[in-house]
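Q: Could you take me through one helix of this protein chain in close detail, and then show me how it fits with what surrounds it? I am new to reading structures, so please go step by step.

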Amino acid sequence: MAPSMDIDGADKQEEKPVKKAKVAAAQASASAESAAPYPDMALAQDIHRLTMIHAGKLSVDDATSITGTKPEDLLERVMLRVGAGFSKPFDDVIKENEEKYKAIEKEEGKDVSKVEAKEKEEQVDDSEEPLLNPELYRHLQSTLAYNSSSALSEDQLKTLAAHNESILAILTEGVTKAK
């Protein structure tokens, strides 16, 4: 076949597409399985604000205008939320949390829709429910120089860590049984 005068390059050889080198994906800090389904962004923002205030990157006046509360009050509220909560004694909070997870364990064989309906019925405001997170509490306590009279003691933080281990064992056992 004779060469054509076609401008479109009909007589050019087919070009093969150039393959781009694959770039390794960045490792996520939390997997989809380990991430909280509904993270509390308000708490995260409050912790960030407190960190910025403590580092001197956010003025007390600016923080007060943003949050509508004094940084000292915000710090107290955050530490109570991360620790054992607002209104109940420490031992009662631990006991209630353990009972909640033991009740879930007992209901594992029941109809899931009934369990979910019961959970929705008993659902409380997440902003009031304590996280019971001793590691985050210790970190914030040292980072933000928190030394209030209402601060959790090291013994209470150890009790909280042991409690979390027991809850983890309950949940792990439930997963194992479900398989």
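**A close look at helix H1**

A: Let's start with the residues of H1 that are tucked away: Leu43, Asp46, Ile47, Arg49, Leu50 and Ile53 are its buried residues. If you look down the axis of H1, these buried residues fall within an arc of 160°, so they line one face of the helix. Keep in mind as you read that this is a predicted model.

What lies over that face? The cover on the buried residues of H1 includes helix H2 (60-67), helix H3 (71-82) and helix H6 (134-143).

Now for the length of H1. The helix runs over residues 41-54, which makes 14 residues, and at 1.5 Å a residue it should span 20 Å. Its end C-alpha atoms are 20 Å apart, so the expectation and the model agree.

The two ends of H1 are worth a look too. At the start, aspartate 40 has a side-chain oxygen that comes to within 3.2 Å of the backbone nitrogen of alanine 42. After the helix comes glycine 56, with a positive phi near 85°.

Let's follow one of the covering helices, H6, a little further. Threonine 143 sits in helix H6, and its C-alpha atom is separated by 9.7 Å from that of leucine 50, although the two residues are 93 residues apart along the chain. Leucine 50 is one of the buried residues of H1, whereas threonine 143 has a relative accessible area of 28% and is therefore partly exposed.

On either side of H6 there is a loop with a residue to notice. Most residues other than glycine have a negative phi. Leucine 132, in the loop between H5 and H6, has a positive phi near 55°. Alanine 145, in the loop between H6 and H7, also has a positive phi, about 50°, without being a glycine. As for cover, leucine 132 is buried because its relative accessibility is 5%, while alanine 145, at 48%, counts as partly exposed.

Leucine 132 also leads us to helix H7. Histidine 163, which is in helix H7, is in contact with Ile94, Asn97, Glu98 and Leu132, leaving aside its neighbours within four places in sequence. Its relative accessibility is 4%, so histidine 163 counts as buried. The other buried residues of H7 are Leu157, Leu160, Ile167 and Ile170. Helix H7 covers residues 154-178, and its 25 residues reach 36 Å from first C-alpha to last, close to the 36 Å expected at 1.5 Å a residue.

Finally, let's step back to the whole chain. The protein chain has seven helices and zero strands. Of its 179 residues, 21% are buried. Among the contacts with a separation of 6 or more, 68% are between residues 24 or more positions apart. The accessible surface comes to about 13900 Å², with 54% of it belonging to carbon and sulfur atoms.

How confident is the predictor? The average pLDDT of the chain is 79, and 66% of the residues score at least 70. Among the elements, H6 has the highest mean pLDDT, 96, and helix H5 (residues 112-122) the lowest, 55.

Notes:
Residues are numbered from 1 along each chain as its sequence is written. This is a predicted model: local features need pLDDT of at least 70, side-chain atom pairs count only at pLDDT 80 or more; totals for chains, interfaces and linings use all residues. Side-chain values use heavy atoms; hydrogens and water are left out. Helices (H or I, at least four residues) and strands (E, at least two) are DSSP runs, numbered from the N terminus. The expected span of a helix is 1.5 Å times one less than its number of residues. Buried means under 20% relative accessible area, exposed over 50%, partly exposed in between (1.4 Å probe, protein chains only). The arc is that of the directions from the helix axis to the C-beta atoms. Contact means heavy atoms within 4.5 Å. A polar contact is a pair of N or O atoms within 3.5 Å; within protein, one must be able to donate a hydrogen and the other to accept it, and residues adjacent in sequence count only if both atoms are side-chain atoms. Accessible areas come from the Shrake-Rupley method with a 1.4 Å probe; for residues, only the protein chains shown count as cover. pLDDT is the predictor's confidence in each residue, from 0 to 100.
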